[in-house]
Structures are given as C-alpha cells and as structure tokens.
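Work through the following exercises with the sequence and the coordinates open beside you. Each task is followed by a solution that proceeds step by step.

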Amino acid sequence: MATNIGYERALRLAREELAGRDPALVAGNTGVPFENGEYVIPWLGRRIPLSEGAVDQQIIWHHYLCAQGPRQPRGRLIAYRQIPGAGIYNANFYKRSIQPMVRAFGGNLAGFLAAGQALGGEAVSHGDAAFTLHPLPYLPLTYVVWQGDDEMPANGNILFDESAIEWLCAEDLVVLAGLPVYEMLRMQNGPKTAAPAQTPLEKPEYFFRQEKTQGEDLDPGDPDDPGRSGGNP
C-alpha cells in the first residue's frame, strides 16, 4: 500500500498538473462543473467539492480531470485483465474490490441491487445480479455478482467500458473500482465499516503518475463468463 508520504506526493503532483489547465476546458471535457473557484465532483449521487474528498478520491479525481477521454462510452465491456498494464495489479484488484463485494453480497442479491440503486446505479443483465454506476460522469463501471450454489461458490466481477483506458491508467482503475464497493459495504454494515483492504502494489510509483500503455492487444474474452472467475489470480 502506498505510504502517507507517497499519497501526499501523488496528490501534490496531481494538483500541480491540474492547476495548469483551463477550468472551462476541463469542465467541458469531463462533465465536472467548476463552481465558485472549485471543481464539484458528481460522485455516486452526491456533489463533493474536489478539495473535500479523501486523499485517494482526490488523486483519482485529479487524474480524471486531467484526462481527455471520450464523452460517450464505447458500448463494449471488458474485464480488468484486458486493460493494458493491468497484469501486475490484478491481485490487488481482486482483493480490494471483488473479494469484499462477493463476501458481502454473494448470498444477498437483493441487498446488492439495493446498494447499487442507492448509489445511482441502473440494473443490467449480467450474472445473477448486476448494475452499472457512473462514479465519474463519463466513466461507467458495471458490478456483477453470481450467487453461489452447491457446485460453485459465489463470485463476481467489475467490468469496464472499453473507453475507461482513455480516462485512467490500470492502477487508478483499481482504486476507482474499489471506492463504490466501500460505499456499498458501509450501507450494509454501518458507517464505521473500514474500506476494503489494499494489498501492496508492485510498482513503488503507484499513483505518482499515469502511464498509459499504447498498442497492447486486448484479450477479446467474454466479459460475462470470464467474469465468473472474478479476476481471481
């Protein structure tokens, strides 16, 4: 897990990058309004001033604001492992996001869908229960759970629109996908619920900068069936 110093450095660098951008252009590119001298993030049914988010939220939000991805989703869902550069972060993605989501909701599909609806999600047809959230205006995520049975344990996945790779790098997407999971757990278990545990990432410069790998082939896969594995390494 990144140290406090690492997070502070990452946030400082992100702030410096954003400070050099034209707020009107940033707002137009990202769908995030600039009001009274500050960006106001539309976040899971709330509006949060950029400076009032938790440190990990602020880092992700700054990176999103500095990106220039498409305003319309591509309409093709991909699993995390299909994202360029995702390989070394796959275990962390599973442990931070998939595992706690499945533990909490693998036997409670109604609660899963209710949590998604409370966060502004829209039910979709994947797995045994699924919904799509827009944690950031132009970056949808689809959360999927399969209920366990006598032959197979409960499992889940979080799927990304293919356009996600134009907004954030693989390491940022790990964190972005996990933040709504924490919100779901908090709704189910109470406000003192701890955030999903992060495991150490293999790159020491985690969060320090965005590195988008170009030209890598995406494994076409089937995001609805391979998702059954939940990205379990």
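**Exercise 1. Decide whether helix H6 is largely enclosed or not, and check its length against the expected span.**

Solution. In this predicted model, begin with the burial count: 15 of the 20 residues of H6 are buried, so the helix is largely enclosed by the rest of the structure. Next, take the geometry of H6, which covers residues 170-189 and, at 1.5 Å a residue, should span 28 Å. The C-alpha atoms at its ends are 29 Å apart, which agrees with that expectation. For context, buried residues make up 50% of the 233 residues in the protein chain, and the chain holds six helices and eight strands, arranged from the N terminus as α-α-β-β-β-α-β-α-α-β-β-β-β-α.

**Exercise 2. Classify Val 175 as buried or exposed, and state how far it lies from Ile 60 in sequence and in space.**

Solution. First, place the residue: Val 175 belongs to helix H6. Second, apply the cut-off, under which a residue is buried if its relative accessible area is under 20%; Val 175 has a relative accessible area of 1%, and it is therefore buried. Third, compare the two separations: Val 175 and Ile 60 are 115 residues apart in sequence, while their C-alpha atoms are 7.7 Å apart in space.

**Exercise 3. Find which residues form salt bridges with Glu 183, and describe the network that results.**

Solution. Start from the search of the whole structure, which finds eight salt bridges. One of the partners of Glu 183 is Arg 46, with the closest N and O atoms 3.2 Å apart. Since Arg 46 lies in strand E3 (residues 46-49) and Glu 183 in helix H6, this pair ties together parts that are 137 residues apart in sequence. The two ends of the bridge can then be assessed for accessibility: Arg 46 is partly exposed at 38% relative accessible area, whereas Glu 183, at 8%, counts as buried.

Glu 183 also meets the side chain of Arg 186 in a salt bridge, at 2.9 Å from N to O. These two residues are three apart in helix H6, and so they are separated by about one helical turn; Arg 186 counts as partly exposed, with 29% relative accessibility. Because the salt bridges share partners, Arg 46, Glu 183 and Arg 186 are joined into one network.

**Exercise 4. Determine which parts of the chain are tied together by the salt bridge between Arg 76 and Glu 162.**

Solution. The contact comes first: the closest N and O atoms of Arg 76 and Glu 162 are 2.9 Å apart. Arg 76 lies in the loop between helix H3 (55-66) and strand E4 (77-78), and Glu 162 in the loop between strand E8 (155-161) and H6, so the bridge ties together parts that are 86 residues apart in sequence. As for accessibility, Arg 76 counts as partly exposed at 30%, and Glu 162 is partly exposed with a relative accessible area of 22%.

**Exercise 5. Identify which residues form the negative surface patch, and locate Asp 128 within the chain.**

Solution. The members of the patch are Asp 128, Asp 149, Asp 150 and Glu 151. Asp 128 is placed in the loop between strand E5 (122-123) and strand E6 (129-136). With a relative accessible area of 46%, Asp 128 is partly exposed, and it passes the requirement of over 30% that patch members must meet.

Note on methods
Residues numbered from 1 in each chain as written. Predicted model: local features only at pLDDT ≥ 70, side-chain atom pairs only at ≥ 80, totals over all residues. Heavy atoms only, no water. Patch = residues over 30% accessible without salt bridge, like charges linked within 9 Å, V, L, I, M, F, W, Y side chains within 5 Å. Areas by Shrake-Rupley, 256 points an atom, 1.4 Å probe, with all protein chains shown as cover. Salt bridge = Lys/Arg side-chain N within 4 Å of Asp/Glu carboxyl O. Lys, Arg positive; Asp, Glu negative; His and termini not counted. Charge placed at Lys NZ, Arg CZ, Asp CG, Glu CD. Helix = DSSP H or I, 4+ residues; strand = E, 2+ residues; numbered from the N terminus. Buried < 20%, exposed > 50% of the residue type's maximum accessible area, 1.4 Å probe, protein only. Expected span 1.5 Å × (residues − 1).
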